Amino acid sequence: APYSAETGFQIRRSTWSAPIVAVGVMRDYTSATFKGLGSALKGLGSIIAGFFTGNRQAREAGQETASSQVSGPVGIFSVMYDISHQGIGMVLFVTAVISLTLAIMNVLPIPALDGGRLFVTLLFRALKKPLHQKTEEKIHGTGFAVLMILFAVITVVDIRRFF
């Protein structure tokens, strides 16, 4: 069973330790997800800074960093196709990693996602202001539009990378 990127693949046969190993694996992959997210955001910052300052090298380096850390449906399909040759166990493992990563992303305070809805609600309660339906719709509608633009950009990057 895959254990971690640092130690490679190891065979574990004891069933009593499976929950303990699973917690360790989840910790490792959660940490890797946050490191990848940080690297992608750093690359995005370099792209934006390079665009405004006219520094082409910084913009291209940031684009390379950001695009290497994310993948959309096309990239997931490509990876799953490659992994499928290694057996159902690896397919299930990659599916579990993708599910864990999506769960982490969903609870981040990004408008239009569950974490964003909770964040906006708590923010308005902390400010002791009423959250009107129109205001909430504008906040989450804008967040959804940004996510859809990001989705389209990631899909184009994946197509260029894999085909």
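# Reading the labels: burial, contact and packing

User: Leaving aside its neighbours within four places in sequence, with which residues is histidine 140 in contact?

Analyst: In this predicted model, histidine 140 touches Pro111, Ala112, Gly116, Arg117 and Val120, once its neighbours within four places in sequence are set aside. Histidine 140 itself belongs to helix α6, and each of these pairings counts as a contact because heavy atoms come within 4.5 Å.

User: Why is histidine 140 called buried?

Analyst: The relative accessible area of histidine 140 is 5%, and the label buried applies under 20%, so histidine 140 is classed as buried.

User: What makes the approach of the side chain of histidine 140 to the backbone nitrogen of alanine 112 a polar contact?

Analyst: The side chain of histidine 140 comes to 3.1 Å from the backbone nitrogen of alanine 112. The cut-off for a pair of N or O atoms is 3.5 Å, with one able to donate a hydrogen and the other to accept it, and the 3.1 Å separation therefore falls within the limit.

User: How do you know that threonine 155 is buried?

Analyst: Threonine 155, which also lies in helix α6, has a relative accessible area of 18%; that value is under the 20% limit, and threonine 155 therefore counts as buried. A polar atom of its side chain is 2.8 Å from the backbone oxygen of phenylalanine 151, and, apart from neighbours within four places in sequence, threonine 155 contacts Pro73 and Val74.

User: Why are α3 and α6 called oblique to each other?

Analyst: Helix α3 (residues 73-84) packs against helix α6 (residues 133-162) at an angle of about 40 degrees, and their axes are 7 Å apart. Roughly parallel would require an angle under 35 degrees, and roughly perpendicular would begin at 65, so the pair is described as oblique. On the α3 side the contact is made by Pro73, Val74, Gly75 and Ser78, and on the α6 side by Phe151, Thr155, Asp158, Ile159 and Phe162. By character, these residues divide into five nonpolar, three polar and one charged.

User: What makes Met80, Ile83, Met90, Val91 and Val94 a nonpolar core?

Analyst: These five residues form the largest nonpolar core, and they earn the name because such a core is a set of buried residues of nonpolar kinds joined through side-chain atoms within 4.5 Å. Helices α3 and α4 (88-106) each supply at least two of its residues, with the largest share, three residues, coming from α4. In soluble globular proteins, nonpolar side chains tend to be buried together.

User: Why is leucine 150 called partly exposed?

Analyst: Leucine 150, in helix α6, has a relative accessible area of 46%. Buried would need a value under 20% and exposed a value over 50%, so leucine 150 falls in between and is partly exposed. Its C-alpha atom is 9.7 Å from that of glycine 72, although the two are 78 residues apart in sequence.

User: How do you know that valine 107 is exposed?

Analyst: For valine 107, found in the loop between α4 and α5 (114-126), the relative accessible area is 57%; exposed begins over 50%, so valine 107 meets that description. The C-alpha atom of valine 107 lies 9.5 Å from that of phenylalanine 119, twelve residues away along the chain.

User: How many helices and strands does the chain have, and what percentage of its residues is buried?

Analyst: The chain has six helices and two strands, arranged along the sequence as β-β-α-α-α-α-α-α. Of its 163 residues, 20% are buried.

Methods:
Residues are numbered from 1 along each chain as its sequence is written. This is a predicted model: local features need pLDDT of at least 70, side-chain atom pairs count only at pLDDT 80 or more; totals for chains, interfaces and linings use all residues. Side-chain values use heavy atoms; hydrogens and water are left out. Axes are lines fitted to C-alpha atoms, for helices over the stretch in contact, and angles run from 0 to 180 degrees between N-to-C directions. Helices (H or I, at least four residues) and strands (E, at least two) are DSSP runs, numbered from the N terminus. Angles under 35 degrees count as roughly parallel, over 145 as roughly antiparallel, 65 to 115 as roughly perpendicular and the rest as oblique. Ala, Val, Leu, Ile, Met, Phe, Trp, Tyr, Cys and Pro count as nonpolar, Asp, Glu, Lys and Arg as charged, and the others, Gly among them, as polar. Buried means under 20% relative accessible area, exposed over 50%, partly exposed in between (1.4 Å probe, protein chains only).
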